[in-house]
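Welcome! Here is a short briefing to read alongside the structure. Take a look at it first, and then we can walk through it together.

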Amino acid sequence: MAMTVERRPARRVGSSIVIALLVMALAVSSLGWFLSAREGRGIPVDCYSHDGRTLAIAAVHGRATLQATFSVAEEEGRVVVGYWEEAEGGVHLQDAFPSELTYGLVEPLGEKSVVDPSGAAIQPCTGNQ
């Protein structure tokens, strides 16, 4: 009497693909968690200038800055501007490098105030309003 062995290669291939996708999803989500847990600090914006429809935001960052991020949110009656930087650890030189971001406003600035995320007013740059 001959015995037949049943083979299921399709199931093995399918489960291998599922395992590979799960491993890839784990790696991507782990990288996302790692990147979101980076240390950084919020820094007040120095000043701003505008021409009514365009807002120019000035800030200073140091030599050890790895990444600088600006955020702008237009709200009723105000524009909220945030600046966050990620810097290397260790000893830092006192070098300062100016940076500027230009943001096209959806609505004209008009009488809206420009504030940081805590609600503190950001002053216009002298002579550039």
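Glu-74 is partly exposed, at a relative accessible area of 23% (buried means under 20%, exposed over 50%, and partly exposed in between, using a 1.4 Å probe and protein chains only). This is a predicted model, in which local features need a pLDDT of at least 70, side-chain atom pairs count only at pLDDT 80 or more, and totals for chains, interfaces and linings use all residues. Residues are numbered from 1 along each chain as its sequence is written, and side-chain values use heavy atoms, with hydrogens and water left out.

**Overall layout**

- The protein chain has 1 helix and 7 strands, where helices (H or I, at least four residues) and strands (E, at least two) are DSSP runs numbered from the N terminus.
- Along the sequence, these elements follow the pattern α-β-β-β-β-β-β-β.
- The protein chain has 129 residues, and 23% of them count as buried.
- Among contacts in the protein chain with a separation of 6 or more, 70% are between residues 24 or more positions apart; contact means heavy atoms within 4.5 Å.

**Confidence**

- The average pLDDT of the protein chain is 77, and 75% of the residues score at least 70; pLDDT is the predictor's confidence in each residue, from 0 to 100.
- Strand S1 (residues 41-42) has the lowest confidence, with a mean of 62, while S7 has the highest, at 92.

**Salt bridges**

- How many salt bridges does the structure hold? There are 2, a salt bridge being a side-chain nitrogen of Lys or Arg within 4 Å of a carboxyl oxygen of Asp or Glu.
- Glu-74 forms a salt bridge with Lys-112, and their closest N and O atoms are 3.9 Å apart.
- This pair links distant parts of the chain, 38 residues apart: Glu-74 is in strand S4 (residues 65-75), and Lys-112 is in the loop between S6 and S7.
- Glu-75 and Arg-78 also meet through their side chains in a salt bridge, at 2.8 Å from N to O.
- Both of these residues are partly exposed, with Glu-75 at 35% relative accessibility and Arg-78 at 30%.
- As a general point, side chains of opposite charge can pair when their charged atoms come close.

**Around Lys-112**

- The loop that holds Lys-112 runs between strand S6 (97-104) and strand S7 (113-115).
- Leaving out residues up to four places away in sequence, Lys-112 touches Glu-74, Glu-75, Gly-77, Arg-78, Val-79 and Glu-107.
- Gly-77 is 35 residues from Lys-112 along the chain, yet their C-alpha atoms are separated by 4.7 Å.
- Gly-77 also takes a positive phi near 85 degrees in the hairpin of S4 and S5, which has 2 residues between the strands.

**Strand S5 and its partners**

- Strand S5 (residues 78-87) has 7 of its 10 residues buried, so it is largely enclosed by the rest of the structure.
- S4 and S5 run antiparallel and are joined by 10 bridges; two strands pair if DSSP finds at least two bridges between them.
- Bridge partners across S4 and S5 include Thr-69 with Trp-84 and Ser-71 with Gly-82.
- S5 and S7 run parallel, with 3 bridges between them.
- Val-80 has Val-115 in S7 as its bridge partner.

**A buried residue: Leu-55**

- Is Leu-55, in strand S3 (residues 54-61), buried or exposed? Leu-55 counts as buried, at 0% relative accessibility.
- Not counting residues up to four places away in sequence, Leu-55 touches several residues, including Tyr-48, Val-79, Val-81, Leu-101, Leu-109 and Val-114.
- The C-alpha atoms of Leu-55 and Val-79 are 9.7 Å apart, with their positions 24 residues apart along the chain.

**The surface**

- About 9,600 Å² of the protein chain is exposed, and carbon and sulfur atoms supply 59% of it; accessible areas come from the Shrake-Rupley method with a 1.4 Å probe, and for residues only the protein chains shown count as cover.
- Val-13, Ile-17, Leu-21, Met-24 and Val-28 make a nonpolar surface patch of about 500 Å².
- Patches are made of residues with over 30% relative accessible area and no salt bridge, joining like charges within 9 Å and nonpolar side chains (Val, Leu, Ile, Met, Phe, Trp, Tyr) within 5 Å.
- Ile-17, one of the patch residues, is found in helix H1 (residues 9-36).
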